[in-house]
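Here is a quick tour for anyone meeting this structure for the first time. Have a look at it before reading on.

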Amino acid sequence: MYDLHAHILPAVDDGARTMEETLAMTVVAAEQGTEMLLATPHRKDVTEQSSVAHIQSLVREVNAWLGERDYDMTMVLGMENHLDLDLPAEIEAGRALPMNGTEYILVEMPFFGRPNWVEEVLFQIQLQGLKPVLAHPERIEAFQRDPDMLAMFVDRGILTQVTAGSPVGHFGRRVERITRDMLDRNLVHILASDTHNPSGPRSPKLRRGVEAVAKIVGHEAAERMVTDTPKSILEGKTVEVEPSREPSSSGSWWRFW
Ligand SMILES: [Fe+2]
């Protein structure tokens with residue numbers, strides 16, 4: 001499997017606190033079958049309290065440790081980039097990293113509210129030649145309230161990453177239901193751990209999420225979300241995206257608002 005979202009680097013953001021914790025998370029990921037894991041520290045934490053050079057050296061350190069052992073796993077580097085008005089300039093300056101040096105970039109919308117510049121900044125990033133991947137839209141208020149906005153983004157070539165804990169209920173019944181409806185509408189392309197800890201609901205384990213997603217979209221499509229699609233992204237290859245679907249009559253989550 002390929003995991004595109006992980007707060008696994010030590011003492012950089014709200015994820016792993018020490019290198020011991022980082023290595024423990026790495027072992028959990030490797031032992032459950034993750035072959036490649038993208039470390040995605042929060043951009044602002046790196047800019048304000050660390051540096052790109054420092055996180056690059058941490059990734060080298062982890063890979064050296066893995067290389068000395070028998071784990072068939074590699075760590076690569078990206079970031080979780082908060083979407084704000086500065087993001088295009090921060091990309092230009094090399095302080096907002098794409099995924100493993102490809103044209104794909106993990107972007108996180110504000111959790112609450114819906115600033116009026118969202119579309120403009122997203123499309124500006126596309127004009128810079130990058131392909132945004134939206135982090136956990138099922139947990140973002142703007143998409144919970146307006147799923148059609150997410151469908152519009154997907155139909156304009158934007159990819160989405162659902163967090164493995166969402167379809168199994170780790171973020172509550174409402175997020176679980178919204179995730180199901182997004183899957184029904186063909187609005188989900190990638191499943192990733194968004195891990196913060198070695199164990200518990202935010203561990204690097206993806207399998208439970210894959211099983212829950214398989215019940216909704218079938219085994220093959222669920223597997224693709226942790227294999228072919230994230231692999232293509234990390235290799236900088238094109239990902240074919242099917243158009244969004246209209247909501248089915250049973251899956252209209254706006255009824256809950
Ligand atoms: Fe995250």
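What follows goes from the whole chain down to a few single residues.

## Before we start

This is a predicted model: local features need pLDDT of at least 70, side-chain atom pairs count only at pLDDT 80 or more, and totals for chains, interfaces and linings use all residues. Residues are numbered from 1 along each chain, following the sequence as it is written.

## The whole chain

The chain has 11 helices and eight strands. Both are DSSP runs numbered from the N terminus: helices are H or I with at least four residues, strands are E with at least two. Along its principal axes, the C-alpha trace spans about 55 × 40 × 30 Å. A compact globule of 257 residues would have a radius of gyration near 18 Å, and the chain agrees with that at 17 Å. That radius is taken over C-alpha atoms, and the globule rule is 2.2 Å times the number of residues to the power 0.38.

Of the 257 residues, 44% count as buried. Buried here is 20 or more other C-beta atoms within 10 Å of a residue's own, exposed is 12 or fewer, and partly exposed is in between, with C-beta atoms placed from the backbone. As for contacts (C-beta atoms, placed from the backbone, within 7 Å), take those between residues at least 6 apart in sequence: 75% of them join residues at least 24 apart.

## A three-stranded sheet

In what order do the three strands of the open sheet come? The order is S1-S2-S3, and the pairing is parallel. S1 (2–6) and S3 (74–77) are the edge strands, each with a single partner, so each has one side without a neighbour in the sheet. On average, neighbouring strands are turned by 25 degrees against each other, direction ignored. Helix H3 (residues 52–67) packs on this sheet and touches S2 and S3, its direction making about 170 degrees with that of S3. Axes here are lines fitted to C-alpha atoms, for helices over the stretch in contact, and angles run from 0 to 180 degrees between N-to-C directions.

Two strands pair if DSSP finds at least two bridges between them. S1 and S2 (residues 36–39) run parallel and are joined by three bridges, while S2 and S3 pair in the parallel sense over four. Ala 39 in S2 is the bridge partner of Ala 6, and Ala 39 also has Leu 77 in S3 as a bridge partner. Further along the S1 pairing, Asp 3 stands opposite Leu 37 in S2. Between S1 and S2 the chain passes through helix H1 (residues 19–31), in a right-handed β-α-β crossover. Right-handed means that, with the strands pointing away from the viewer, the path from the first strand over the helix to the second runs clockwise.

## Around strand S5

Is strand S5 (residues 104–108) mostly covered or exposed? S5 is mostly covered, with five of its five residues buried. Tyr 104, Leu 106 and Glu 108 point one way, Ile 105 and Val 107 the other. In a regular strand, side chains alternate between the two faces of the sheet.

S5 pairs in the parallel sense with S4 (residues 81–82) over two bridges, and His 82 stands opposite Glu 108. The chain gets from S4 to S5 through helix H4 (residues 87–92), in a right-handed crossover. Four bridges join S5 to S6 (residues 131–135), again parallel; one partnership there is Leu 106 with Val 133. The route from S5 to S6 goes through helix H5 (residues 118–127) and is right-handed too.

## The core

The largest nonpolar core has 65 residues. Such a core is a set of buried Ala, Val, Leu, Ile, Met, Phe, Trp, Tyr and Cys residues joined through C-beta atoms within 7 Å. Among the members touching the most others are Leu 4, Ala 39, Met 99 and Leu 106. Leaving out residues up to four places away in sequence, Met 99 touches several residues, including Leu 4, Leu 38, Leu 106 and Ile 233.

## Two helix residues

Phe 153 lies in helix H7 (residues 147–155) and is buried, with 23 other C-beta atoms within 10 Å. Beyond its neighbours within four places in sequence, Phe 153 contacts Leu 122, Leu 134 and Ile 158.

Ser 232, in helix H11 (residues 228–234), counts as partly exposed because it has 17 C-beta neighbours inside 10 Å. Ser 232 and Tyr 2 are 230 residues apart in sequence, yet their C-alpha atoms are 9.7 Å apart in space.

Conventions:
Contact = placed C-beta atoms within 7 Å.
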